[in-house]
Amino acid sequence: MRLKDEQIARLAEKVLGDLERAQLVQQKQGRGAVLAGIKAAIAKDIKQEEDLERDAEALLEQTLKAVGGQGIDRHKMLKMVKDKLAKERKIVL
Amino acid sequence: MHISEDRISHIAHKIYDKLYNDDLADFPDERRALDAIKDAISGFFSIMEQVDQAVRAKLASYSQAKVPGSREWEILYQKFYAEELAKRKW
């Protein structure tokens, strides 16, 4: 999942707006701080996912180089590496 | 842009935890608040998907159809994407 900053801002606004309309949130340090908190939480998670994808690609390249890579389904292998890293890092893809 | 139910739930919990742990907000009803966050995320991606499909359909029917992935296609995609968002008052 890739989101630009403006999309993260829009998603954060929707989350907070929906919580406010349903009267399900009590904002303790002002709306701006809450909105910034939501944006930060989303951005951090997306960054972790991007790091994982980059590391999985690098790990796969290393592995393929070491074993030759003949007859290996690259797509399937990449998914396996990503799933393994996600489990280790406690990230839900 | 596909996003799984598990991923939506994961992000919703991250948002909830961030607001609660940083003392930015309280939630009078934790369960309903979490469900509302999940619904908001799900709704957001549903709209993004609709916009993407509308833009791709428009590009495909464009009289001077461009090759998907080409620079011209990307420029038009961004232009139509912004128009589609504006049409939906986003």
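**Chain B and the core it shares with chain A**

Okay, so in chain B the mean positions of the 14 positive and 16 negative charges sit 9 Å apart. Lys and Arg count as positive, Asp and Glu as negative, with His and the chain ends not counted; each charge is placed at NZ of Lys, CZ of Arg, CG of Asp or CD of Glu.

Before I go on: this is a predicted model, where local features need pLDDT of at least 70 and side-chain atom pairs count only at pLDDT 80 or more, while totals for chains, interfaces and linings use all residues. Residues are numbered from 1 along each chain as its sequence is written, chains are lettered from A in the order in which they are written, and side-chain values use heavy atoms, with hydrogens and water left out.

Now, the core. The largest nonpolar one has 44 residues, and Val15(A), Leu19(A), Ile38(A), Ile42(A), Ile15(B) and Ile41(B) have the most contacts inside it. By core I mean buried Ala, Val, Leu, Ile, Met, Phe, Trp, Tyr and Cys residues joined through side-chain atoms within 4.5 Å, and buried is under 20% relative accessible area (1.4 Å probe, protein chains only). H2(B) gives the most to this core, twelve residues.

Take Ile41(B): skipping neighbours within four places in sequence, Ile41(B) is in contact with Leu11(A), Val15(A), Ile8(B), Ile11(B), Ala12(B) and Ile15(B), contact being heavy atoms within 4.5 Å. Another core, of nine residues, lies apart from that one, with Leu52(A) and Leu85(A) among its members.

And overall? The C-alpha atoms of chain B fill a box of roughly 55 × 25 × 20 Å along the principal axes, and buried residues make up 38% of its 90 residues.

Definitions and conventions
Buried < 20%, exposed > 50% of the residue type's maximum accessible area, 1.4 Å probe, protein only. Helix = DSSP H or I, 4+ residues; strand = E, 2+ residues; numbered from the N terminus.
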